[in-house]
Amino acid sequence: MTANPGSAVVAGAGIGGLAAAIALARTGFDVRVCERRSEFPEEGAGIQIGPNGARILRDLGVAEFLEKAVASPDVLSVRDGATGRELTRLPLGRWISERHGAPYWTAHRRDLHIALRARAEAEPRITVTRGTEIVSFASERDRVRAITANGETLDAGLLVGADGLWSGLRDEINGNKAALIPVGKTAFRSVAPAEHLPSGLVPNAVHIWLSPGAHAVHYPVNGGRDIALVVITDDALRAEGWDSPAVSEAVKLKVRLFAEPLRALVDQAANWRSWSLYRMPPLDRWTSGRAALLGDAAHPVLPFLAQGAVMALEDAVTLASFAAARNGSIETALGDYERVRRTRVAKVAEASERNGRIYHMQGAMALARNATMKLAPPNRVMAGFDWLYGWKPERC
């Protein structure tokens, strides 16, 4: 029996998988989302959503489920970690919203996930199945057969692998085993009540603190009621996953050389979690027959530009656009999706790695960096990211 060509199976109900399901359903696909976890976790990190991501969430109808939980910071304040002196204050808020036609949001990743789930559950073309893991597939002329861990076969016209950094489908689609390479850094994250923000710091802002081999970021979440903190430091830890418990005292030790306001904020946070950072060489391919990867499964991006999740959103709407058009075959459509996304993601990944090197500079290079930041006109600096925040989906 031939599978419905307008049907899709999505492996993974994370940010990218749910966004892909919503985008595909909006173009007429019937979508089954298979999530290996039996329950969705409620913890998670803060997340920054630039205008390129906020625009997608608005277009997918997700924004209405999310707007009350986000904050819209007015500025991005960059500070020297050791002294606490502000090096530059870059415009966000109204400035960036007017420039790109969409806001810059900060949110708890949990709230973004809840909003995506709510939007998916409101779509009659989408079915979300928990406790179901796609472990293999076979592309045939008229369908793809997705195989679950318990041996069930799901026939569809398209399979989307959105199963994250530790993807179980990546190697089969790529054709070779992909190597995840430890970066030698660990990210620690927590949340603290906004009332504990030290005096002297801008309340409604993204703050970045720069130090040799480390940096810290904090910003409002939960509609401004809380503050999400992320501390990224040199670290030999090589844990799998992205949600391991961390000891508060260990995090305090990591920030001992930072200025007192940041240390005070870290002191107020509890329930620290951690994840080791990995990079991955470019895959030979993201697509195979009627199957395609997106997000971290295809191209993990280091978190120094706050664009990892947004790249998954961009992937999702691009894939759906090409799949809907087809241009003769789904295989051709997926090849076109990969072609246009590879160039974009490579540029973002390179910019993110460059940011990481700048953030963690030391000695004379750090002094030169600080001097450059103080002299650079803030509006001109932010205009230099027009290529990033001004992105719009390529239409077929």
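Visitor: Why is Asp155 called partly exposed?

Guide: In this predicted model, Asp155 has a relative accessible area of 30%. Buried needs under 20% and exposed needs over 50%. Asp155 meets neither cut-off, so Asp155 counts as partly exposed.

Visitor: What makes Arg145 and Asp155 a salt bridge?

Guide: Their side chains meet at 2.9 Å, N to O. The cut-off is within 4 Å, so the pair qualifies. Arg145 lies in strand E9 (residues 144-148) and Asp155 in strand E10 (residues 153-156), so the pair ties together parts that are 10 residues apart in sequence. Arg145 is partly exposed at 28% relative accessibility. Both residues belong to a salt-bridge network with Glu140, Asp142 and Arg143.

Visitor: How many salt bridges are there by this rule?

Guide: The count is 25. One of them joins Asp235 to Lys254, with the closest N and O atoms 2.8 Å apart. That pair links distant parts of the chain. Asp235 sits in the loop between strand E15 (226-234) and E16, and Lys254 in helix H7 (residues 248-254).

Visitor: Why is Asp235 called buried, but Lys254 partly exposed?

Guide: Asp235 has a relative accessible area of 17%, and buried means under 20%. Lys254 is at 29%, which falls between the 20% and 50% cut-offs. So the two residues get these labels.

Visitor: What makes Glu314 and Arg344 both buried?

Guide: Glu314 is at 0% relative accessibility and Arg344 at 10%. The limit is under 20%, so both count as buried. They form a salt bridge, with the closest N and O atoms 2.8 Å apart. Glu314 is in helix H9 (residues 308-325) and Arg344 in helix H10 (residues 330-359), 30 residues apart.

Visitor: Why is the Trp166 and Tyr278 pair called edge-to-face?

Guide: The centres are 5.2 Å apart and the planes are at 80°. Pairing needs centres within 6.5 Å, and edge-to-face needs over 60 degrees. Both conditions hold, so the name fits. Trp166 is in the loop between strand E11 (158-161) and helix H6 (170-174), and Tyr278 is in strand E17 (residues 270-279). The two are 112 residues apart.

Visitor: What makes Tyr278 buried?

Guide: Tyr278 is at 9% relative accessibility. That is under 20%, so Tyr278 counts as buried. Trp166, at 34%, counts as partly exposed.

Visitor: How do you know that strands E12 and E17 pair?

Guide: The requirement is at least two bridges. E12 (residues 181-193) and E17 share 7 and run antiparallel, so they pair. Ile181 has Arg279 as its bridge partner in E17.

Definitions and conventions:
Residues are numbered from 1 along each chain as its sequence is written. This is a predicted model: local features need pLDDT of at least 70, side-chain atom pairs count only at pLDDT 80 or more; totals for chains, interfaces and linings use all residues. Side-chain values use heavy atoms; hydrogens and water are left out. Rings of Phe, Tyr and Trp (its six-membered ring) pair if their centres lie within 6.5 Å; planes under 30 degrees apart count as stacked, over 60 as edge-to-face and the rest as tilted. Helices (H or I, at least four residues) and strands (E, at least two) are DSSP runs, numbered from the N terminus. Buried means under 20% relative accessible area, exposed over 50%, partly exposed in between (1.4 Å probe, protein chains only).
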